[in-house]
Amino acid sequence: MKKDIPGMIKRAERFKIILIAEGILVGLVAGAVVIMYRVALEYAGLWNGMILEWASGNAAGIAIWFVALAFMALAAGSLIAYEPMISGSGIPQVEGEVVGKLHQRWYRVIAAKFAGGFICMLGGLALGREGPSIQLGAMAGKGVSRGLDRGKTEEHFLITCGASAGLAAAFHAPLAGVMFSLEEIHKNFSVSVLTSVMTASLTADILSTIVLGTDSIFRFEIEEALPTGHYWMILLLGIILGLLGAFYNWFTLKVQDLYGKIKVGGSRLKVMIPFMCAGLLGFSFPELLGSGHGLITQLTHTEMALGAVLFILIGRFLFSAVSFGSGAPGGIFFPLLVIGGYIGGAFATAGVQYFGLDPMYVNNFVLLAMAGYFAAIVRAPLTGIILIFEMTGNLNHMLSLSVVTIVAYIVATLTGSKPIYESLLDRFMEKNGDASGEEKNIKEKILNNFVVRKGSEPDGRLIREIEWPDNCLLVAVQRGAKELIPRGSTRLEAGDIIVIMSDERDMAAVHEKMERLCDDRRAGSDS
(Lines give C-alpha, C1' and ligand atoms only; values in the text may rest on other atoms or scores of the structure.)
Protein backbone atom coordinates (compact mmCIF):
# COMPACT_ATOMS: atom_id res chain seq x y z
CA MET A 1 0.00 0.00 0.00
CA LYS A 2 2.85 2.36 0.70
CA LYS A 3 3.82 2.25 -2.96
CA ASP A 4 0.36 3.60 -3.81
CA ILE A 5 0.59 6.61 -1.50
CA PRO A 6 3.02 8.74 -3.60
CA GLY A 7 1.00 7.99 -6.70
CA MET A 8 -2.22 8.99 -4.95
CA ILE A 9 -0.71 12.27 -3.76
CA LYS A 10 0.66 13.01 -7.23
CA ARG A 11 -2.73 12.29 -8.77
CA ALA A 12 -4.38 14.57 -6.19
CA GLU A 13 -2.16 17.40 -7.43
CA ARG A 14 -3.82 17.06 -10.85
CA PHE A 15 -7.35 16.83 -9.45
CA LYS A 16 -8.35 20.20 -10.89
CA ILE A 17 -7.98 18.93 -14.46
CA ILE A 18 -9.02 15.33 -13.86
CA LEU A 19 -12.17 16.25 -12.00
CA ILE A 20 -13.38 18.64 -14.68
CA ALA A 21 -13.57 15.80 -17.21
CA GLU A 22 -15.07 13.44 -14.65
CA GLY A 23 -17.51 16.15 -13.57
CA ILE A 24 -18.90 16.31 -17.11
CA LEU A 25 -19.38 12.54 -17.12
CA VAL A 26 -21.06 12.55 -13.71
CA GLY A 27 -23.27 15.46 -14.78
CA LEU A 28 -24.47 13.51 -17.81
CA VAL A 29 -25.16 10.29 -15.91
CA ALA A 30 -26.66 11.89 -12.80
CA GLY A 31 -28.64 14.36 -14.90
CA ALA A 32 -30.14 11.56 -17.00
CA VAL A 33 -31.16 9.56 -13.90
CA VAL A 34 -32.75 12.58 -12.20
CA ILE A 35 -34.56 13.73 -15.34
CA MET A 36 -36.14 10.29 -15.66
CA TYR A 37 -37.08 10.44 -11.98
CA ARG A 38 -38.54 13.92 -12.39
CA VAL A 39 -40.65 12.86 -15.37
CA ALA A 40 -41.83 9.73 -13.55
CA LEU A 41 -42.98 11.79 -10.55
CA GLU A 42 -44.83 14.24 -12.78
CA TYR A 43 -46.76 11.36 -14.33
CA ALA A 44 -47.39 9.90 -10.88
CA GLY A 45 -48.92 13.21 -9.74
CA LEU A 46 -51.09 13.42 -12.85
CA TRP A 47 -52.29 9.84 -12.44
CA ASN A 48 -53.10 10.48 -8.78
CA GLY A 49 -55.37 13.38 -9.78
CA MET A 50 -57.05 11.34 -12.50
CA ILE A 51 -57.70 8.43 -10.15
CA LEU A 52 -59.18 10.67 -7.45
CA GLU A 53 -61.42 12.35 -10.02
CA TRP A 54 -62.62 8.94 -11.25
CA ALA A 55 -63.23 7.56 -7.75
CA SER A 56 -64.93 10.64 -6.23
CA GLY A 57 -68.61 10.06 -5.49
CA ASN A 58 -68.24 6.38 -6.31
CA ALA A 59 -68.26 4.10 -3.26
CA ALA A 60 -66.75 1.20 -5.17
CA GLY A 61 -64.07 3.45 -6.65
CA ILE A 62 -63.18 4.84 -3.23
CA ALA A 63 -62.88 1.33 -1.79
CA ILE A 64 -60.70 0.21 -4.70
CA TRP A 65 -58.42 3.23 -4.24
CA PHE A 66 -57.95 2.55 -0.53
CA VAL A 67 -57.05 -1.08 -1.30
CA ALA A 68 -54.57 0.17 -3.91
CA LEU A 69 -53.09 2.60 -1.35
CA ALA A 70 -52.64 -0.28 1.10
CA PHE A 71 -50.75 -2.28 -1.52
CA MET A 72 -48.62 0.77 -2.39
CA ALA A 73 -47.79 1.24 1.29
CA LEU A 74 -46.73 -2.40 1.55
CA ALA A 75 -44.58 -2.01 -1.55
CA ALA A 76 -42.91 1.17 -0.25
CA GLY A 77 -42.36 -0.40 3.17
CA SER A 78 -40.87 -3.51 1.57
CA LEU A 79 -38.45 -1.36 -0.43
CA ILE A 80 -37.31 0.37 2.79
CA ALA A 81 -36.85 -3.00 4.48
CA TYR A 82 -34.86 -4.19 1.45
CA GLU A 83 -32.66 -1.08 1.35
CA PRO A 84 -32.85 1.06 4.55
CA MET A 85 -30.66 3.73 2.94
CA ILE A 86 -33.62 4.99 0.85
CA SER A 87 -35.73 6.11 3.79
CA GLY A 88 -36.47 9.82 4.06
CA SER A 89 -34.95 12.44 1.80
CA GLY A 90 -31.56 10.79 1.30
CA ILE A 91 -29.55 13.96 1.94
CA PRO A 92 -28.36 12.86 5.42
CA GLN A 93 -27.24 9.55 3.90
CA VAL A 94 -25.19 11.40 1.29
CA GLU A 95 -23.62 13.59 3.98
CA GLY A 96 -22.81 10.46 5.98
CA GLU A 97 -21.21 8.86 2.93
CA VAL A 98 -18.99 11.87 2.25
CA VAL A 99 -17.62 11.96 5.81
CA GLY A 100 -17.12 8.19 5.95
CA LYS A 101 -19.90 7.31 8.39
CA LEU A 102 -22.03 5.39 5.88
CA HIS A 103 -21.47 3.22 2.82
CA GLN A 104 -24.32 2.83 0.34
CA ARG A 105 -24.74 0.25 -2.40
CA TRP A 106 -25.24 2.72 -5.21
CA TYR A 107 -27.09 0.39 -7.60
CA ARG A 108 -29.57 -0.76 -4.94
CA VAL A 109 -30.20 2.77 -3.73
CA ILE A 110 -30.88 4.09 -7.25
CA ALA A 111 -33.34 1.32 -8.10
CA ALA A 112 -35.16 1.30 -4.74
CA LYS A 113 -35.25 5.10 -4.32
CA PHE A 114 -36.59 5.58 -7.84
CA ALA A 115 -39.37 3.04 -7.32
CA GLY A 116 -40.16 4.19 -3.78
CA GLY A 117 -40.38 7.85 -4.73
CA PHE A 118 -42.70 7.04 -7.64
CA ILE A 119 -45.00 4.99 -5.40
CA CYS A 120 -45.16 7.73 -2.75
CA MET A 121 -46.01 10.41 -5.31
CA LEU A 122 -48.64 8.16 -6.92
CA GLY A 123 -50.19 7.72 -3.47
CA GLY A 124 -50.25 11.49 -2.91
CA LEU A 125 -47.83 11.78 0.03
CA ALA A 126 -46.63 15.32 0.82
CA LEU A 127 -43.00 14.70 -0.10
CA GLY A 128 -40.57 16.40 -2.48
CA ARG A 129 -38.31 15.20 -5.26
CA GLU A 130 -35.23 17.24 -4.40
CA GLY A 131 -33.76 15.12 -1.57
CA PRO A 132 -34.22 11.91 -3.57
CA SER A 133 -32.78 13.68 -6.63
CA ILE A 134 -29.68 14.63 -4.64
CA GLN A 135 -29.28 11.07 -3.38
CA LEU A 136 -29.89 9.59 -6.84
CA GLY A 137 -27.34 11.98 -8.34
CA ALA A 138 -24.81 11.21 -5.62
CA MET A 139 -25.20 7.48 -6.12
CA ALA A 140 -24.84 7.96 -9.89
CA GLY A 141 -21.57 9.73 -9.11
CA LYS A 142 -20.51 6.80 -6.96
CA GLY A 143 -21.43 4.44 -9.76
CA VAL A 144 -19.24 6.40 -12.19
CA SER A 145 -16.40 6.23 -9.66
CA ARG A 146 -16.75 2.47 -9.34
CA GLY A 147 -16.95 2.08 -13.10
CA LEU A 148 -13.73 4.08 -13.52
CA ASP A 149 -12.11 2.24 -10.59
CA ARG A 150 -11.32 5.42 -8.71
CA GLY A 151 -10.00 5.58 -5.14
CA LYS A 152 -12.04 6.69 -2.17
CA THR A 153 -10.67 10.22 -2.18
CA GLU A 154 -11.75 10.79 -5.76
CA GLU A 155 -15.01 8.94 -5.17
CA HIS A 156 -16.07 11.43 -2.51
CA PHE A 157 -15.47 14.26 -4.98
CA LEU A 158 -17.62 12.50 -7.58
CA ILE A 159 -20.38 11.84 -5.04
CA THR A 160 -20.46 15.58 -4.33
CA CYS A 161 -20.55 16.27 -8.08
CA GLY A 162 -23.48 13.90 -8.45
CA ALA A 163 -25.38 15.54 -5.60
CA SER A 164 -24.92 18.95 -7.22
CA ALA A 165 -26.01 17.61 -10.60
CA GLY A 166 -29.08 16.02 -9.00
CA LEU A 167 -30.31 19.30 -7.51
CA ALA A 168 -29.53 21.20 -10.71
CA ALA A 169 -31.54 18.75 -12.84
CA ALA A 170 -34.42 18.64 -10.34
CA PHE A 171 -34.88 22.40 -10.02
CA HIS A 172 -33.17 24.05 -13.03
CA ALA A 173 -30.90 25.61 -10.43
CA PRO A 174 -27.23 24.92 -11.25
CA LEU A 175 -25.79 27.59 -8.93
CA ALA A 176 -27.93 26.38 -6.03
CA GLY A 177 -26.77 22.84 -6.77
CA VAL A 178 -23.16 23.98 -6.50
CA MET A 179 -23.72 26.00 -3.34
CA PHE A 180 -25.78 23.31 -1.57
CA SER A 181 -23.20 20.63 -2.32
CA LEU A 182 -20.37 22.79 -0.98
CA GLU A 183 -22.26 24.42 1.90
CA GLU A 184 -24.21 21.42 3.18
CA ILE A 185 -22.70 18.16 1.88
CA HIS A 186 -18.96 18.54 1.26
CA LYS A 187 -18.49 21.56 3.55
CA ASN A 188 -15.36 22.50 1.60
CA PHE A 189 -14.80 25.34 -0.87
CA SER A 190 -11.45 24.24 -2.33
CA VAL A 191 -10.78 24.98 -5.99
CA SER A 192 -10.73 21.28 -6.91
CA VAL A 193 -14.19 20.72 -5.49
CA LEU A 194 -15.62 23.97 -6.84
CA THR A 195 -14.56 23.45 -10.45
CA SER A 196 -15.69 19.83 -10.63
CA VAL A 197 -19.01 20.48 -8.90
CA MET A 198 -19.70 23.48 -11.13
CA THR A 199 -18.95 21.41 -14.22
CA ALA A 200 -21.26 18.58 -13.15
CA SER A 201 -24.05 20.97 -12.17
CA LEU A 202 -23.95 22.94 -15.43
CA THR A 203 -23.81 19.73 -17.49
CA ALA A 204 -26.89 18.34 -15.73
CA ASP A 205 -28.76 21.64 -16.10
CA ILE A 206 -27.99 21.84 -19.82
CA LEU A 207 -29.23 18.27 -20.25
CA SER A 208 -32.37 19.10 -18.27
CA THR A 209 -32.97 22.19 -20.39
CA ILE A 210 -32.67 20.20 -23.61
CA VAL A 211 -35.14 17.57 -22.41
CA LEU A 212 -37.60 19.58 -20.28
CA GLY A 213 -37.24 23.19 -21.45
CA THR A 214 -36.23 26.37 -19.63
CA ASP A 215 -39.30 27.24 -17.55
CA SER A 216 -38.70 28.20 -13.92
CA ILE A 217 -40.15 25.93 -11.23
CA PHE A 218 -42.17 28.80 -9.72
CA ARG A 219 -43.69 31.34 -12.09
CA PHE A 220 -45.40 34.29 -10.46
CA GLU A 221 -45.38 38.03 -10.93
CA ILE A 222 -43.60 40.43 -8.58
CA GLU A 223 -44.45 43.93 -9.70
CA GLU A 224 -41.71 45.81 -7.88
CA ALA A 225 -39.26 45.51 -5.01
CA LEU A 226 -40.34 46.37 -1.48
CA PRO A 227 -39.75 50.02 -0.53
CA THR A 228 -37.17 50.59 2.19
CA GLY A 229 -39.96 51.81 4.47
CA HIS A 230 -41.25 48.23 4.63
CA TYR A 231 -37.96 46.70 5.76
CA TRP A 232 -39.13 46.62 9.37
CA MET A 233 -41.65 44.02 8.17
CA ILE A 234 -38.81 42.00 6.64
CA LEU A 235 -37.00 42.00 9.99
CA LEU A 236 -40.17 40.90 11.77
CA LEU A 237 -40.79 38.20 9.17
CA GLY A 238 -37.20 36.96 9.61
CA ILE A 239 -37.72 36.61 13.37
CA ILE A 240 -40.97 34.70 12.85
CA LEU A 241 -39.36 32.42 10.27
CA GLY A 242 -36.41 31.70 12.57
CA LEU A 243 -38.72 30.66 15.40
CA LEU A 244 -41.02 28.63 13.15
CA GLY A 245 -38.01 27.00 11.48
CA ALA A 246 -36.72 25.84 14.86
CA PHE A 247 -40.21 24.57 15.66
CA TYR A 248 -40.31 22.69 12.35
CA ASN A 249 -37.07 20.89 13.20
CA TRP A 250 -38.33 20.00 16.69
CA PHE A 251 -41.71 18.84 15.41
CA THR A 252 -40.20 16.73 12.62
CA LEU A 253 -38.00 14.87 15.08
CA LYS A 254 -40.89 14.51 17.53
CA VAL A 255 -43.06 12.89 14.86
CA GLN A 256 -40.20 10.49 14.12
CA ASP A 257 -40.12 9.64 17.84
CA LEU A 258 -43.84 8.87 17.76
CA TYR A 259 -43.39 6.58 14.77
CA GLY A 260 -40.50 4.95 16.62
CA LYS A 261 -42.92 3.81 19.33
CA ILE A 262 -44.60 1.52 16.79
CA LYS A 263 -42.91 -1.80 17.52
CA VAL A 264 -44.95 -4.09 15.26
CA GLY A 265 -45.18 -4.22 11.49
CA GLY A 266 -41.87 -2.46 10.88
CA SER A 267 -41.58 0.04 8.05
CA ARG A 268 -44.64 -1.38 6.29
CA LEU A 269 -47.04 -0.38 9.06
CA LYS A 270 -45.40 3.02 9.55
CA VAL A 271 -45.69 3.88 5.87
CA MET A 272 -49.29 2.66 5.86
CA ILE A 273 -50.30 5.64 8.05
CA PRO A 274 -49.50 8.46 5.58
CA PHE A 275 -50.91 6.46 2.68
CA MET A 276 -54.25 6.09 4.48
CA CYS A 277 -54.16 9.78 5.42
CA ALA A 278 -53.56 10.57 1.75
CA GLY A 279 -56.63 8.54 0.89
CA LEU A 280 -58.80 10.51 3.32
CA LEU A 281 -57.41 13.86 2.18
CA GLY A 282 -57.80 12.88 -1.45
CA PHE A 283 -61.56 12.86 -1.08
CA SER A 284 -61.81 15.86 1.25
CA PHE A 285 -58.88 18.27 0.65
CA PRO A 286 -56.92 17.02 -2.37
CA GLU A 287 -55.04 20.33 -2.51
CA LEU A 288 -52.90 19.12 0.39
CA LEU A 289 -51.58 16.11 -1.54
CA GLY A 290 -48.36 15.80 -3.52
CA SER A 291 -45.36 18.09 -3.67
CA GLY A 292 -47.44 21.27 -3.26
CA HIS A 293 -46.47 23.08 -6.45
CA GLY A 294 -50.12 23.87 -7.17
CA LEU A 295 -50.51 25.45 -3.74
CA ILE A 296 -47.87 28.08 -4.50
CA THR A 297 -49.55 28.79 -7.84
CA GLN A 298 -52.88 29.24 -6.05
CA LEU A 299 -51.36 31.52 -3.40
CA THR A 300 -49.54 33.77 -5.85
CA HIS A 301 -52.19 34.01 -8.58
CA THR A 302 -55.41 34.43 -6.58
CA GLU A 303 -56.53 36.59 -3.66
CA MET A 304 -56.96 34.26 -0.69
CA ALA A 305 -58.56 35.07 2.64
CA LEU A 306 -56.31 34.89 5.71
CA GLY A 307 -58.34 32.01 7.15
CA ALA A 308 -57.89 29.95 3.97
CA VAL A 309 -54.13 30.62 3.92
CA LEU A 310 -53.78 29.57 7.57
CA PHE A 311 -55.90 26.45 7.05
CA ILE A 312 -53.75 25.27 4.14
CA LEU A 313 -50.57 26.20 6.02
CA ILE A 314 -51.49 24.12 9.08
CA GLY A 315 -52.88 21.22 7.06
CA ARG A 316 -49.85 21.10 4.81
CA PHE A 317 -47.47 21.33 7.76
CA LEU A 318 -49.12 18.42 9.57
CA PHE A 319 -49.49 16.14 6.54
CA SER A 320 -45.91 16.82 5.47
CA ALA A 321 -44.69 15.83 8.95
CA VAL A 322 -46.82 12.67 8.94
CA SER A 323 -45.54 11.72 5.48
CA PHE A 324 -41.85 12.35 6.16
CA GLY A 325 -41.80 11.06 9.72
CA SER A 326 -42.88 7.61 8.55
CA GLY A 327 -39.56 7.14 6.74
CA ALA A 328 -41.22 7.02 3.32
CA PRO A 329 -38.72 7.72 0.51
CA GLY A 330 -39.22 11.39 -0.26
CA GLY A 331 -37.82 14.78 0.63
CA ILE A 332 -38.72 17.80 2.78
CA PHE A 333 -36.78 20.29 0.68
CA PHE A 334 -39.65 21.34 -1.64
CA PRO A 335 -42.43 20.87 0.96
CA LEU A 336 -40.67 23.22 3.38
CA LEU A 337 -40.43 25.84 0.61
CA VAL A 338 -44.20 25.53 0.15
CA ILE A 339 -44.79 25.87 3.90
CA GLY A 340 -42.44 28.84 4.00
CA GLY A 341 -44.31 30.44 1.11
CA TYR A 342 -47.60 30.11 2.98
CA ILE A 343 -46.06 31.60 6.13
CA GLY A 344 -45.08 34.59 4.02
CA GLY A 345 -48.53 34.63 2.43
CA ALA A 346 -50.25 34.60 5.83
CA PHE A 347 -47.92 37.34 7.11
CA ALA A 348 -48.56 39.56 4.09
CA THR A 349 -52.32 38.91 4.03
CA ALA A 350 -52.51 39.91 7.69
CA GLY A 351 -50.53 43.03 6.78
CA VAL A 352 -53.04 43.86 4.04
CA GLN A 353 -56.06 43.35 6.30
CA TYR A 354 -54.80 45.00 9.46
CA PHE A 355 -51.85 47.28 8.64
CA GLY A 356 -52.69 48.72 5.24
CA LEU A 357 -50.04 46.86 3.23
CA ASP A 358 -50.54 47.21 -0.52
CA PRO A 359 -51.77 43.82 -1.89
CA MET A 360 -49.23 44.09 -4.71
CA TYR A 361 -46.51 43.16 -2.20
CA VAL A 362 -48.02 39.83 -1.08
CA ASN A 363 -45.96 37.86 -3.59
CA ASN A 364 -42.82 39.60 -2.38
CA PHE A 365 -43.33 38.18 1.09
CA VAL A 366 -44.08 34.73 -0.32
CA LEU A 367 -40.73 34.81 -2.08
CA LEU A 368 -38.86 36.13 0.96
CA ALA A 369 -40.39 33.60 3.33
CA MET A 370 -39.35 30.67 1.16
CA ALA A 371 -35.69 31.66 1.44
CA GLY A 372 -35.86 32.59 5.11
CA TYR A 373 -37.66 29.42 6.17
CA PHE A 374 -35.18 27.30 4.23
CA ALA A 375 -32.25 29.06 5.92
CA ALA A 376 -33.79 28.63 9.38
CA ILE A 377 -34.34 24.88 8.91
CA VAL A 378 -31.36 23.77 6.81
CA ARG A 379 -28.89 26.46 7.95
CA ALA A 380 -27.61 26.98 4.42
CA PRO A 381 -28.43 30.68 3.83
CA LEU A 382 -26.44 31.16 0.61
CA THR A 383 -28.16 28.15 -0.96
CA GLY A 384 -31.55 29.51 0.06
CA ILE A 385 -30.93 32.90 -1.55
CA ILE A 386 -29.53 31.48 -4.77
CA LEU A 387 -32.16 28.72 -5.02
CA ILE A 388 -35.10 31.10 -4.75
CA PHE A 389 -33.95 33.54 -7.39
CA GLU A 390 -33.02 30.68 -9.75
CA MET A 391 -36.37 28.93 -9.24
CA THR A 392 -38.37 32.12 -9.76
CA GLY A 393 -36.18 33.68 -12.44
CA ASN A 394 -36.24 36.97 -10.51
CA LEU A 395 -32.96 38.74 -9.71
CA ASN A 396 -34.30 42.02 -8.30
CA HIS A 397 -34.63 41.14 -4.61
CA MET A 398 -31.17 40.20 -3.47
CA LEU A 399 -31.02 42.77 -0.65
CA SER A 400 -34.37 41.87 0.89
CA LEU A 401 -33.67 38.16 0.42
CA SER A 402 -30.33 38.54 2.17
CA VAL A 403 -31.84 40.45 5.10
CA VAL A 404 -34.67 38.00 5.80
CA THR A 405 -32.39 34.99 5.34
CA ILE A 406 -29.68 36.21 7.71
CA VAL A 407 -32.20 37.25 10.38
CA ALA A 408 -33.99 33.88 10.18
CA TYR A 409 -30.65 32.06 10.28
CA ILE A 410 -29.47 33.96 13.37
CA VAL A 411 -32.76 33.54 15.26
CA ALA A 412 -32.94 29.81 14.54
CA THR A 413 -29.32 29.38 15.64
CA LEU A 414 -29.93 31.29 18.89
CA THR A 415 -32.77 28.91 19.77
CA GLY A 416 -30.22 26.07 19.93
CA SER A 417 -31.94 24.15 17.13
CA LYS A 418 -29.54 21.99 15.09
CA PRO A 419 -29.70 22.01 11.28
CA ILE A 420 -32.34 19.50 10.22
CA TYR A 421 -30.12 17.31 8.03
CA GLU A 422 -27.49 17.09 10.75
CA SER A 423 -30.15 15.95 13.22
CA LEU A 424 -31.58 13.46 10.74
CA LEU A 425 -28.13 11.99 10.08
CA ASP A 426 -27.59 11.51 13.83
CA ARG A 427 -30.98 9.80 14.06
CA PHE A 428 -30.23 7.60 11.07
CA MET A 429 -26.90 6.53 12.52
CA GLU A 430 -28.49 5.69 15.88
CA LYS A 431 -31.14 3.57 14.19
CA ASN A 432 -29.25 1.91 11.34
CA GLY A 433 -25.52 2.43 11.80
CA ASP A 434 -23.71 1.16 8.70
CA ALA A 435 -26.59 -0.66 7.04
CA SER A 436 -24.82 -1.20 3.75
CA GLY A 437 -22.98 -4.37 4.47
CA GLU A 438 -19.77 -3.03 2.93
CA GLU A 439 -16.57 -3.64 4.83
CA LYS A 440 -15.12 -0.62 6.59
CA ASN A 441 -11.74 -2.09 7.41
CA ILE A 442 -10.40 -1.62 3.92
CA LYS A 443 -6.86 -0.24 4.20
CA GLU A 444 -7.31 2.33 1.46
CA LYS A 445 -5.89 5.78 2.07
CA ILE A 446 -8.13 8.83 1.81
CA LEU A 447 -7.19 12.50 1.48
CA ASN A 448 -9.36 15.17 3.07
CA ASN A 449 -9.09 18.95 3.11
CA PHE A 450 -9.91 21.17 6.09
CA VAL A 451 -9.93 24.97 6.14
CA VAL A 452 -8.39 26.74 9.14
CA ARG A 453 -11.02 29.24 10.23
CA LYS A 454 -10.30 32.57 11.88
CA GLY A 455 -10.02 32.17 15.64
CA SER A 456 -9.90 28.38 15.56
CA GLU A 457 -7.35 26.44 17.56
CA PRO A 458 -4.76 26.01 14.73
CA ASP A 459 -4.97 29.68 13.69
CA GLY A 460 -1.59 31.30 14.43
CA ARG A 461 -0.06 28.25 16.10
CA LEU A 462 2.81 25.96 15.15
CA ILE A 463 1.94 22.49 13.89
CA ARG A 464 3.85 20.85 16.76
CA GLU A 465 1.78 22.78 19.32
CA ILE A 466 -1.50 21.27 18.16
CA GLU A 467 -3.00 18.00 19.33
CA TRP A 468 -3.91 16.33 16.04
CA PRO A 469 -6.30 13.36 15.77
CA ASP A 470 -4.80 9.88 16.00
CA ASN A 471 -4.30 7.74 12.89
CA CYS A 472 -3.84 10.58 10.42
CA LEU A 473 -0.96 12.22 8.58
CA LEU A 474 -0.57 15.87 7.57
CA VAL A 475 0.32 15.72 3.87
CA ALA A 476 0.36 19.38 2.84
CA VAL A 477 -0.67 22.90 3.76
CA GLN A 478 -2.11 24.95 0.90
CA ARG A 479 -1.75 28.70 1.38
CA GLY A 480 -3.18 30.54 -1.59
CA ALA A 481 -1.31 29.38 -4.69
CA LYS A 482 1.56 27.95 -2.62
CA GLU A 483 1.78 24.45 -1.19
CA LEU A 484 3.86 24.08 1.97
CA ILE A 485 5.43 20.91 3.33
CA PRO A 486 4.08 20.60 6.88
CA ARG A 487 6.79 20.68 9.53
CA GLY A 488 6.63 21.08 13.27
CA SER A 489 7.83 24.67 12.90
CA THR A 490 5.20 25.59 10.28
CA ARG A 491 2.86 28.28 11.63
CA LEU A 492 -0.70 27.92 10.39
CA GLU A 493 -2.86 30.86 9.35
CA ALA A 494 -6.57 31.42 8.89
CA GLY A 495 -7.51 30.38 5.38
CA ASP A 496 -4.88 27.65 5.13
CA ILE A 497 -6.14 24.35 3.71
CA ILE A 498 -4.76 21.37 5.62
CA VAL A 499 -4.55 18.14 3.60
CA ILE A 500 -4.96 15.09 5.85
CA MET A 501 -4.41 11.42 4.96
CA SER A 502 -6.08 8.61 6.90
CA ASP A 503 -7.18 5.02 6.47
CA GLU A 504 -10.76 4.58 5.29
CA ARG A 505 -11.73 2.84 8.52
CA ASP A 506 -10.56 5.89 10.53
CA MET A 507 -11.97 8.53 8.21
CA ALA A 508 -15.21 9.30 10.09
CA ALA A 509 -13.48 9.78 13.46
CA VAL A 510 -10.64 11.84 11.95
CA HIS A 511 -13.09 13.98 9.97
CA GLU A 512 -15.20 14.72 13.04
CA LYS A 513 -12.17 15.70 15.17
CA MET A 514 -10.69 17.86 12.41
CA GLU A 515 -13.99 19.66 11.91
CA ARG A 516 -14.08 20.52 15.61
CA LEU A 517 -10.41 21.51 15.60
CA CYS A 518 -10.73 23.90 12.67
CA ASP A 519 -14.11 25.34 13.63
CA ASP A 520 -14.01 28.96 14.83
CA ARG A 521 -17.15 28.39 16.94
CA ARG A 522 -15.20 26.05 19.21
CA ALA A 523 -12.65 28.74 19.93
CA GLY A 524 -15.44 31.18 20.73
CA SER A 525 -17.08 28.75 23.14
CA ASP A 526 -13.81 28.07 24.95
CA SER A 527 -13.07 31.70 25.60
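**Exercise 1. The cavity**

Which helices each supply at least two residues of the lining of the largest cavity? Work it out for this predicted model.

Solution.
- Step 1. Search the whole structure for cavities of 30 Å³ or more; one turns up.
- Step 2. Take its volume: the largest cavity holds about 40 Å³ of space.
- Step 3. List the lining. Tyr-37, Leu-41, Gly-117, Cys-120, Met-121, Leu-125, Leu-127, Gly-128, Pro-329 and Gly-330 line the largest cavity.
- Step 4. Match the list to the helices. α2 (15–55) and α5 (106–123) each give at least two residues.
- Step 5. Rank the contributions. α5 gives the most, with three residues.

**Exercise 2. The whole chain**

Find how many helices and strands the chain has, and what share of its residues counts as buried.

Solution.
- Step 1. Count the secondary structure: 20 helices and four strands.
- Step 2. Turn to burial. The chain has 527 residues, and 57% of them count as buried.
- Step 3. Look at the contacts with a separation of 6 or more. Residues 24 or more positions apart make up 83% of them.

**Exercise 3. The length of a helix**

Test whether the span of helix α6 (residues 130–148) agrees with its number of residues.

Solution.
- Step 1. Work out the expected span. α6 has 19 residues; at 1.5 Å a residue, counting one less than the number of residues, the helix should span 27 Å.
- Step 2. Compare with the model. The end C-alpha atoms of α6 are 27 Å apart, so the two values agree.
- Step 3. Check the cover. Of the 19 residues of α6, 16 are buried, and the helix is mostly covered.
- Step 4. Look past the end. Asp-149 follows α6, and its phi is positive, near 60°.

**Exercise 4. Two residues compared**

Decide for Ile-62 and for Gln-93: buried, partly exposed or exposed?

Solution.
- Step 1. Place them. Ile-62 lies in helix α3 (residues 59–82). Gln-93 lies in helix α4 (residues 91–98).
- Step 2. Apply the cut-off to Ile-62. Its relative accessible area is 27%, which is not under 20% and not over 50%, so Ile-62 is partly exposed.
- Step 3. Apply the cut-off to Gln-93. Its relative accessible area is 2%, under 20%, so Gln-93 is buried.
- Step 4. List the contacts, leaving aside neighbours within four places in sequence. Ile-62 touches Ala-55, Gly-57 and Phe-283. Gln-93 touches Met-85, Ile-86, Ser-87, Leu-102, Gln-104, Gln-135 and Phe-428.
- Step 5. Set sequence beside space. Ile-62 and Leu-52 are ten residues apart along the chain, and their C-alpha atoms are separated by 8.2 Å. Gln-93 and Tyr-421 are 328 residues apart in sequence, yet 9.2 Å apart from C-alpha to C-alpha.

**Exercise 5. Aromatic rings**

Explain why the pair of Tyr-248 and Phe-317 is edge-to-face.

Solution.
- Step 1. Count the aromatic pairs: 19.
- Step 2. Take the geometry of one of them. The ring centres of Tyr-248 and Phe-317 are 5.9 Å apart, and the planes meet at 70°. An angle over 60 degrees counts as edge-to-face, so this pair does.
- Step 3. Locate the partners. Tyr-248 is in helix α10 (residues 231–260) and Phe-317 is in helix α13 (residues 306–325). With their positions 69 residues apart, the pair links distant parts of the chain.
- Step 4. Check burial. Tyr-248 and Phe-317 are both buried.
- Step 5. Look for a cluster. Phe-171, Phe-180, Phe-333, Phe-334, Phe-374 and Tyr-421 form one.
- Step 6. Add a charge. The charged end of Arg-108 sits over the ring of Tyr-82, 4.2 Å from its centre.

Note on methods:
Residues numbered from 1 in each chain as written. Predicted model: local features only at pLDDT ≥ 70, side-chain atom pairs only at ≥ 80, totals over all residues. Heavy atoms only, no water. Phe/Tyr/Trp six-rings, centres within 6.5 Å; stacked < 30°, edge-to-face > 60°. Buried < 20%, exposed > 50% of the residue type's maximum accessible area, 1.4 Å probe, protein only. Lys NZ or Arg CZ within 6 Å of the ring centre and 35° of its normal. Contact = heavy atoms within 4.5 Å. 1 Å grid on protein atoms, 1.4 Å probe; cavity = no way out; pocket = protein on both sides within 12 Å on 5 of 7 lines; lining within 4 Å. Points joined across faces, edges and corners; volume = space filled by probe spheres on them.
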